[in-house]
Amino acid sequence: MFRKILVANRGEIACRVIDTARRLGIATVAVYSEADAGARHTRLADEAWPIGPAPARQSYLVADTILEAARRSGAEAIHPGYGFLSENAAFAQACAEAGLVFIGPPPAAIRAMGSKAESKALMERAGVPLVPGYHGEAQDIPVLREAAARIGYPVLIKASAGGGGKGMRIVASADDIAAAIEGAKREAAASFGDDRVLIEKYLTRPRHIEIQVFADTQGRTVSLFERDCSIQRRHQKVLEEAPAPGMDPLRRKQMGEAAVAAARAVGYVGAGTVEFIAEGDAFYFMEMNTRLQVEHPVTEMVTGLDLVEWQLRVAAGEPLPLGEDRLALRGHAIEARIYAEDPDRDFLPAVGTLVHLRQPQDVPGRVRVDTGIVQGDQITAHYDPMIAKLIVWGEDRPAALRRLGAALAEYAVVGVTTNLGLLRAIAGHDAFAAAELDTGFIARHAPDLLGGASAAPDSDGSETAALAATALSVVRDRAAENAGQAQATGDPWSPWAAPDAWRMNGEAAQDLRFRQDDAPAITLRVHPLADGSYRLAWPGRSVQAALTADAAGPLLAIDGVSRRLRVVWHGAECTVILAGRNHTFVVEDPLAPPRTEAAGSDRVTAPVPGRVTHVLVRPGDVVERNAPLVIVEAMKMEITLRAPQRGTVAQVRHAVDDMVEEGTELVTFAAGEPGP
Ligand code: ADP
C-alpha cells in the first residue's frame, strides 16, 4: 500500500479521499488554488501545496504543476477525484511517465470511453445494448438528416466529446434537424474543441440507471449493483438512490453482466460506472464514466463498503477485497445534492458567502454529510456550485425517505440561494414516495416543486411564526442596545432606555416595518405584556408571542404553540429558519429614503460572475426581444443573456474570454425605438 498520496482535487471529494487515506494510515497531500488557501480540504490534509490562481484552468487543470507538487512532496500516487483531470488520459499517462501511480483506469481505457461515439462502436461489438442511433464518422448534414429519419423522431443530438449535459438538443421533427445539428456542432466545437455529434432516439420517459463496476489488475471485474439517478434537472443528477426501485434480480443480473462486459471490453481497472438509460423492460448503454462518481456514497451505504479504499487497494496492485459471491445489498440509500443555485430561475448557479451553515448531524451508517465547505466560505463562480451531499440510509425505501425529509429539515443555509426547497418538495412528494421515477420528474411536477409551491399560503403558520420571530428579535436587540446606551450615559433609569418599548399615552408599543421579496412592506405593532411576552398586531392578524432560548436553541411560542427555529441576521436582513426553510425579511429603516427601482432595461448585465464565451452582437445591430446577445459560462453552465426588448445595440463592453463579475454591464442599448 502507498505511504503517501496526492489528491488532485478540491471540495467534498478531496475531503472524502483524505478521510479514507487517513483511516488506512496513508499520508495525504492536498493541492489548492489561491481561492482555496483556507478551504476545508487544504486544512484537512497532512500537507497542502499551492498550485496557482483561482481559475481551474490555471490551477486544478494544470497537470505539470500538480505532478511537480507530487514529486516534491514525495507522494507515490495521485487520486484525481472526479471532474478536473480525472478523465484525462494524457494526465494518467503523464503520471505513469513521472513514476507515479494514477489512481484510476489505464490511459487506454479512459481514451476508449472518452468519446461517446467511439465507446458506442466498441460496445456494439461487445454485445452491449445501445439506444437506437447513429454514431458514425460521416458528419455532413444530409447523412445526419437521413440517420435521424431512420431512427425516427424525436431524436436527441449529443456532442461526441460531450459531458455534463452540455450540447444536447432534442429535435421533434425533420423541419428543425438541420438548424439543430448546426447549433449543436457550434456549441460542441466551442465547449469541447471537437464538433462531432451523434444522434440517438429520444426516449420520452426514461430512467437513468447506472451500474458501479470495479476491476483489479488480476483480471477480476465485479458489479456493485445499480443506482437510480432519474431525478435530474438540465439532464444533471439531483437525487440518486440504491437500489433502483422496482429492480428485479433477473434484470439486475442482466444489467450487471452488460456493465462488466463493457468494462472488460476496454481492459478496465479500478472504479467505473456504466450508465444505462432504461424504458420499460429495455435498457441501453449510454456511456461509461471512468472514475469515481459523485453519487458513489449510496452504493457504499447499501453494500457497507468504502469505494475509495477499494480504489487505493486496486491501484496498489492488491486484488479486489471481495468477490461477487460475497457482495450483498442491504436496505436503501438516497443521496441529495445540495447546490448553490436558484431552481426558480432555471437553476441559475448562485454565488455568495455562507453567512450561516448548519448541517445535519452525521449518524454512522444512517446519515452522512459529505462536504468541503464550512460556514463563512464563499461559493464562487470558479468551481462547481455543489455545497454538500446528504446521504441517508434506511431499512427500506420508506424509512430512508423519512430520514431524508428529517435531515433536510435540519439544514440551515443563509447567504446563498440553494435548492433545499426543491429537495424538500421532492422528498415530500407523493409521486416520489410512490417511486414514479423518470428523468422528466422535476419538469412534470414543477408546479408542486418550484416557485409557487414554496410561496404557498401560510397554512402551517410558519410565515406568521417567521415574521413574529423577526419582530421579537428586533425588539430584543433594541432593548439590549438601549440598556447598553443607558449604562454608557450613566442614566440606566431613563424612561427612554426602558428595555420594553416607547411608553407614550400610557400604552407601550413600537411599530416595525418589514419587507419580504417584492411584496409591499408590512407594519407590525409590538405591545409588551406583563408576563414578558408580546402582542404583535399587523393587518388581519394579532398574536401573542414570546421568543426564549434553552440549551437546544431558540424557541418561539405563538398563542401557546411552540416551535424550534433559528434566527440569522445579515445586515438589515433577518432570516428565520423553520423546519429547514428560510424566511427572509428586510427590516426597513423608517428614516431611509424609498428604494429606487431596479435598473431599467436599457442594459444587460451578468447575473453571476463568469467567463464570456460568445459575443453574438455588434454595436449598431438591431435585435428582437429575447435575441441571444452574449453567452457567459459560470460553474460549468452556459448562460445565454437575451435582449430585454427590441432595440439597437449601442455598446458591447466585453470580449470573449473576459472574466466578468456579477452585475457587470455586458451590452447597452441605444435610447429610443429602432426603425422598422
Ligand atoms: P452527459 O455526459 O453530458 O451527462 P449523458 O449521455 O450521460 O450526457 O446523458 C445525460 C442525461 O441525458 C441522461 O441521464 C438522461 O437524462 C438524458 N438522456 C441521454 N440520452 C437520452 C436519450 N437517448 N433519450 C432521453 N434522454 C436521454
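This is a walk through a predicted model, stop by stop, with what to select at each one. Local features are kept at pLDDT of at least 70 and side-chain atom pairs at pLDDT 80 or more, while totals for chains, interfaces and linings use all residues. Residues are numbered from 1 along each chain as its sequence is written, and side-chain values use heavy atoms, with hydrogens and water left out.

**Helices 4, 5 and 6**

Start by selecting helix 5, residues 107-114. Helices here are DSSP runs of H or I with at least four residues, strands are runs of E with at least two, and both are numbered from the N terminus. Now add helix 4: the two pack at an angle of about 175°, with their axes 8 Å apart. (Axes are lines fitted to C-alpha atoms, for helices over the stretch in contact, and angles run from 0 to 180 degrees between N-to-C directions.) Helix 4 and helix 5 are therefore roughly antiparallel; angles under 35 degrees count as roughly parallel, over 145 as roughly antiparallel, 65 to 115 as roughly perpendicular and the rest as oblique. Show side chains and you'll find Ala89, Ala92 and Gln93 of helix 4 meeting Pro107, Ile110 and Arg111 of helix 5.

Next, bring in helix 6 (residues 116-125), whose axis passes 5 Å from that of helix 5 at an angle of about 100°. That makes helix 5 and helix 6 roughly perpendicular. On the helix 5 side, Ala112, Met113 and Gly114 make the contact (heavy atoms within 4.5 Å), and on the helix 6 side Lys116, Glu118, Ser119, Leu122 and Met123 do.

Zoom in on Ser115, in the loop between these two helices. Is Ser115 buried or exposed? Its relative accessible area is 10%, so Ser115 is buried; buried means under 20%, exposed over 50% and partly exposed in between, using a 1.4 Å probe and protein chains only. A polar atom of the Ser115 side chain lies 3.0 Å from the backbone nitrogen of Glu118.

Before leaving, colour the buried residues of helix 5: Pro107, Ala109, Ile110, Ala112 and Met113. They pack against helix 4, strand 5 (101-102), helix 6, helix 9 (249-265) and strand 14 (282-289).

**Aromatic rings**

The structure holds 7 aromatic pairs. Rings of Phe, Tyr and Trp (its six-membered ring) pair if their centres lie within 6.5 Å; planes under 30 degrees apart count as stacked, over 60 as edge-to-face and the rest as tilted. Select Tyr60 and Phe84: their ring centres are 5.1 Å apart and their planes are at 20°, so this pair is stacked. Tyr60 sits in the loop between strand 3 (47-50) and helix 3 (63-73), and Phe84, 24 residues apart from it, in the loop between strand 4 (77-79) and helix 4 (89-97). Tyr60 is buried at 0% relative accessible area, whereas Phe84 is partly exposed at 28%.

For an edge-to-face pair, go to Phe514 and Phe585, at 6.3 Å centre to centre with 65° between the planes. Phe514 belongs to strand 26 (residues 510-515) and Phe585 to strand 34 (residues 581-587), 71 residues apart. Phe514 is buried at 0%, and Phe585 is buried at 2%.

Go back to the first pair and add Tyr383: Tyr60, Phe84 and Tyr383 form one aromatic cluster.

**Arg368**

Jump to strand 20 (residues 367-371) and pick Arg368. Which side chain does the side chain of Arg368 meet in a polar contact? That of Glu300, at 2.8 Å. (A polar contact is a pair of N or O atoms within 3.5 Å; within protein, one must be able to donate a hydrogen and the other to accept it, and residues adjacent in sequence count only if both atoms are side-chain atoms.) Arg368 counts as buried at 16% relative accessibility. Beyond its neighbours within four places in sequence, its contacts include Arg16, His296, Asp362 and Lys389.

**Backbone stops**

Finish with the backbone. A cis peptide bond, omega about -5°, joins Tyr153 and Pro154, with Pro154 in the loop between helix 7 (141-151) and strand 7 (155-159). Another cis bond runs from Ala242 to Pro243, with omega near -10°. Last, select Phe225 in strand 11 (residues 221-233): its phi is near 75°, a positive value in a residue other than glycine.
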